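Student: I should like to examine one part of this model closely. Please treat the packing of a pair of helices, and then place that pair in its surroundings.

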Amino acid sequence: MAAGRSLSRSERKAAARAEFLLQEEQRERRRQVSRILHKPAAERSSEEAALLSGCQEIVRDLERLHKKRERLRRRLEEVCDEPEELRRKVSKLSAVVRGAKHLIIYTGAGISTAASIPDYRGPNGVWTMLQKGRNIRATDLSEAEPTLTHMSIASLHKHKLVQHVVSQNCDGLHLRSGLPREALSELHGNMYIEVCTSCTPNREYVRVFDVTERTALHRHHTGRMCHKCGAQLRDTIVHFGEKGMLQQPLNWEAAIESASKADVILCLGSSLKVLKKYPHLWCMSKPPRRRPKLYIVNLQWTPKDDLAALKLHGKCDDVMKLLMDELGLPISPYDRSAEIVLGSGTASYTNTTLDYF
Ligand SMILES: [Zn+2]
């Protein structure tokens, strides 16, 4: 075609058609190459081998894609260390726990699975099920009880081996295990607590039922009123895309302060996909050698695995049982009548007024 002359309508159509045919041919070539690559090399005919060597770029591209898919698939797999290896790792971990100056624990849904609360990203997790289009059966959370892991953490704190706990879970089980309020930051709220933000200090109502039944993203009023001032109560849940501002139960200040002092972080049952987005929790502003040493207990891959001093592939309850044995510490059994939320126990709180109903 002559330079400078604009194309006629029929020329443009012909060019578009040629382009379409070329793309279709490339797609078909790619499909062919992909089919051949799926065969074992020994079963490929000489024509197929010749086609592959003539399409090196497509082969490289498909192999790269395949590797990426495999990597993603492996990340979702649950891996268990052999019992002997797990024991060896826990022995190392116990020495670290004993020697730590300031140890903080980060917990995720994986520590509550034994309490019949489904975790999020495991093969049977809420998120995975929703992705597969399956329905989730509502679990009555107040029937769930703190697990061996919750009770072990409370015991470690009592023995001053753990200074603070940061949890992504909203199930309230840390509080019910007897872990003191000030040693806990519930980053995404607690589904058994509703607050009056009009009262000063904020008045909290700790319930035996889930207060979030009528609340949702950006809709936090629970439908009940503060019996002191009459204002509407709100839940404490932080949804994806929201920024939680409440001092309690989120307790961000204590989480950040504790992270800045930590020399060891122990992550239990969290995919860390959400927690990794909070750089303060990992002291990312410090040079790497001055950051806390990282120990991770999780069955699946986490984005922090490469930075961990040790990764333990095991169920949290199994690891904590071994750990408490190594440390020679007892795990108190859960006592429903003694706990502060469902039982008659009491606790003293500063800063907030608490009511039980
Ligand atoms: Zn009020």
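How do the axes of helix H4 (residues 83-99) and helix H9 (residues 316-327) come together, and at what angle do they cross?

Tutor: The model is a predicted one, and the description below should be read accordingly. In general, two packed helices are described by the angle between their axes and the distance between the axes. For H4 and H9, the axes come within 9 Å and cross at roughly 55°. An angle between 35 and 65 degrees falls outside the parallel and perpendicular classes, and H4 and H9 are therefore oblique to each other. The crossing in which H4 passes H9 is right-handed.

The residues that form this contact can be listed from each side. H4 contributes Arg87, Val90, Ser91, Leu93, Ser94, Val97 and Arg98, and these meet Val319, Leu322, Leu323, Glu326 and Leu327 of H9. Sorted by class, the contact of H4 with H9 comprises seven nonpolar, two polar and three charged residues.

H9 also takes part in a second piece of packing, around helix H6 (residues 148-158). Of the 11 residues of H6, 10 are buried, so this helix is largely enclosed by the rest of the structure. The buried residues are Leu148, Thr149, His150, Met151, Ser152, Ile153, Ala154, Ser155, Leu156 and His157. The elements that cover them include H9, together with strands E1 and E2, helix H7 (173-176) and strand E8 (264-268). After H6 comes Lys160, which has a positive phi, near 60°.

Strands E1 and E2 recur at helix H8 (residues 252-261), where Ala254, Ala255, Ser258 and Ala259 are buried. These four cover an arc of only 130° around the axis, which puts them on the same side of H8. The general reason for such a pattern is that an α-helix has 3.6 residues a turn, so residues three or four places apart point the same way. Among the elements covering the buried residues of H8 are E1 (103-107), E2 (164-167) and strand E3 (184-186).

Trp252 also lies in H8, but it has 16 C-beta neighbours inside 10 Å and therefore counts as partly exposed. Its C-alpha atom is separated by 10.0 Å from that of Leu281, a residue 29 positions away along the chain. Asn251 belongs to the loop between strand E7 (232-235) and H8. Asn251 is buried, because 21 other C-beta atoms lie within 10 Å. The phi of Asn251 is near 50°, a positive value in a residue other than glycine.

A comparable backbone feature occurs in the loop between E8 and strand E9 (293-297), where Leu272 is placed. Leu272 is not a glycine, yet it has a positive phi of about 65°. With 23 C-beta neighbours inside 10 Å, Leu272 counts as buried. A cis peptide bond, with omega about -10°, joins Thr200 and Pro201. Pro201 is in the loop between strand E4 (193-196) and strand E5 (203-206).

These details belong to a chain with nine helices and 11 strands. Of its 357 residues, 33% count as buried. Among contacts between residues at least 6 apart in sequence, 66% join residues at least 24 apart.

Conventions: Residues are numbered from 1 along each chain as its sequence is written. This is a predicted model: local features need pLDDT of at least 70, side-chain atom pairs count only at pLDDT 80 or more; totals for chains, interfaces and linings use all residues. Axes are lines fitted to C-alpha atoms, for helices over the stretch in contact, and angles run from 0 to 180 degrees between N-to-C directions. Helices (H or I, at least four residues) and strands (E, at least two) are DSSP runs, numbered from the N terminus. Angles under 35 degrees count as roughly parallel, over 145 as roughly antiparallel, 65 to 115 as roughly perpendicular and the rest as oblique. A crossing is left-handed if the near helix is turned anticlockwise from the far one by less than a right angle, and right-handed if clockwise. Two residues are in contact if their C-beta atoms, placed from the backbone, lie within 7 Å. Ala, Val, Leu, Ile, Met, Phe, Trp, Tyr, Cys and Pro count as nonpolar, Asp, Glu, Lys and Arg as charged, and the others, Gly among them, as polar. A residue is buried if 20 or more other C-beta atoms lie within 10 Å of its own, exposed if 12 or fewer, and partly exposed in between; C-beta atoms are placed from the backbone. The arc is that of the directions from the helix axis to the C-beta atoms.
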